[in-house]
Amino acid sequence: MPEVVTQTLDVPGATLTYDVRGDLANRPVLLLIGSPMGASGFPTLASHFEDRTVVTYDPRGVERSVRSGEPTELSPDDHAADLAALIEHLDAGPVDIFASSGGAVNALALSAQRPDLINKVVAHEPPLAGILPDSEAALAVVQDMYDTYQRDGLGPGMAKFIAFVGYDGEVPADYTQQPAPDPAMFGLPTEDDGSRSDALLGQNLRGCTSYQPDFDALEKTKDRIVVGVGEESGNQLAARGGKAVAERLGLIPVTFPSGHGGFLGNEYGQPGKPTEFAATLREVLG
C-alpha cells in the first residue's frame with residue numbers, strides 16, 4: 001500500500017485537505033470523490049488501485065476541510081471550482097475520476113466547465129432529482145427534509161433522508177403527508193442540540209438534488225463520461241438520476257455490483273462489494 005501523504009490547499013472561503021497515494025508523475029491520476037462523503041469513505045476502494053496514483057479529498061465543510069465565514073448552502077458549481085483548483089494545484093490533469101452520489105453531480109459540473117481537466121469520469125448514481133419526470137414531487141420531499149432539519153434538528157431531518165433514499169419508484173405527490181419516521185428507529189438523536197451545520201442537510205442537500213447539468217456542454221465530452229448505477233439500487237432516486245443522465249446523453253449506464261455504496265468496505269459499517277466493484281471500475285476506466 002502506497003504511503004498516504006496528506007496536505008492542504010487554501011481556496012476562497014475554505015481550506016481543502018487532500019490525500020495522495022503514490023507518485024503524481026504517474027498519469028492519469030485517479031481521483032476518488034464523494035459529497036458530502038469525504039476521503040474517509042475511500043480507503044477500501046483505493047486499496048484496489050495500488051498500481052495507480054490515487055487522490056482523495058474532503059469537500060469544503062466536510063471532516064478536515066474547514067470553511068471560513070457563515071456555513072451557507074453550496075452548489076455543485078462551488079465544488080467543481082474546488083476540484084478544478086485541486087487538480088491544477090497538483091498539476092495532475094487530465095485525471096480519471098470516480099465520483100459517488102453528490103460527488104457524481106459535482107464531477108458532471110466539472111466535466112461541463114473544465115473538460116480540459118478530465119480524462120474519464122465515472123459518475124455513479126448522481127441524485128439529480130431535478131431532471132426526473134417527477135421532479136416537482138421529489139424536490140418537495142427534499143425541501144421538507146431541509147425544513148424539518150432547520151425546525152427540529154438533525155435526528156428528524158436525517159430520519160426523513162434515510163427513509164427517502166431507500167424509496168423505490170416515482171415519488172407520489174402526497175409523499176410528504178406520510179407519518180414522519182422516528183429518528184430512534186435509525187439510531188439517531190431525538191433531541192435537538194441546536195446546531196445547524198450538518199454538511200448533508202444544511203449545506204449540500206438542496207443545491208445538489210436540484211442541480212441542472214449543462215447537457216449541451218456534456219454532450220461535447222460524453223465520450224469521456226461513464227454513468228454507473230448499482231445492481232441492487234432498483235429505482236431509488238440516485239439510480240434514477242444516473243439513468244436520466246445517461247438517457248439525456250445517449251449513453252448506456254454501466255451496472256456496478258451492490259448498491260449506492262457498493263465500493264465501501266467497512267468504513268461506515270455497511271459494506272458493499274468492494275472487490276467486485278473495483279473490478280468493474282477498473283474495466284470501465286480502461
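Let's start with two working terms: contact means heavy atoms within 4.5 Å, and helices (H or I, at least four residues) and strands (E, at least two) are DSSP runs, numbered from the N terminus. What you have here is a predicted model, where local features need pLDDT of at least 70, side-chain atom pairs count only at pLDDT 80 or more, and totals for chains, interfaces and linings use all residues. Residues are numbered from 1 along each chain as its sequence is written, and side-chain values use heavy atoms, with hydrogens and water left out.

With that in hand, go to helix 6, residues 199-209. Ten of its eleven residues are buried, so the helix is largely enclosed by the rest of the structure. Buried here means under 20% relative accessible area, while exposed means over 50% and partly exposed is in between (1.4 Å probe, protein chains only). The buried residues of helix 6 include A199, L200, L201, G202 and C208. What do they pack against? Their partners are strand 5, helix 2 (76-90), helix 3, helix 4 (135-152) and helix 5 (154-165). At the N-terminal end of helix 6, D198 acts as a cap, with a side-chain oxygen 3.2 Å from the backbone nitrogen of L200.

Stay in helix 6 for a moment and pick out Q203. Q203 has a relative accessible area of 5%, so it is buried. Its side chain has a polar atom 3.0 Å from the backbone oxygen of R60, and a polar contact of 2.9 Å links the side chains of Q203 and R67. (A polar contact is a pair of N or O atoms within 3.5 Å; within protein, one must be able to donate a hydrogen and the other to accept it, and residues adjacent in sequence count only if both atoms are side-chain atoms.) Leaving aside residues up to four places away in sequence, Q203 also touches G61, V62 and T72, among others.

Now for the strands, and strand 2 (residues 14-21) is a good way in. Seven of its eight residues are buried, so strand 2 is largely enclosed by the rest of the structure. Two strands count as paired if DSSP finds at least two bridges between them. Strand 2 pairs with strand 1 (residues 4-11) in the antiparallel sense over eight bridges, and Q7 sits opposite Y18 of strand 2. The hairpin of strand 1 and strand 2 has two residues between the strands, and G13 takes a positive phi near 90° there. Strand 2 also pairs in the antiparallel sense with strand 5 (residues 66-67) over two bridges, where T15 has V66 as its bridge partner. A further antiparallel pairing, over five bridges, joins strand 2 to strand 4 (residues 54-58); there V20 is matched with V55.

In a regular strand the side chains alternate between the two faces of the sheet. You can follow this in strand 4: V54, T56 and D58 point one way, V55 and Y57 the other way, and all are buried. Strand 4 also pairs with strand 3 (residues 30-33), this time in the parallel sense over three bridges, and V55 is the bridge partner of L31.

L31 leads us to the largest nonpolar core. A nonpolar core is a set of buried Ala, Val, Leu, Ile, Met, Phe, Trp, Tyr and Cys residues joined through side-chain atoms within 4.5 Å. This one has 63 residues, and L31, I33, L86, I97, L110 and V245 touch the most other members. Helix 3 (residues 102-113) gives the most to this core, with seven residues. A second, separate core of 18 residues includes V54, F98, V122 and A278.

Which helix gives the largest share of the lining of the largest pocket? Helix 6 does, with six residues. To find pockets, a 1 Å grid is laid over the protein atoms alone; a pocket is an open set of points where a 1.4 Å probe fits, with protein on both sides within 12 Å along at least five of seven lines, and lining residues have an atom within 4 Å of a point. The largest pocket has a volume of about 1200 Å³, where volume is the space filled by probe spheres set on the points, and points are joined across faces, edges and corners. Of the 42 residues that line the largest pocket, M37, S101, F161, V165 and H260 are the closest to its centre.
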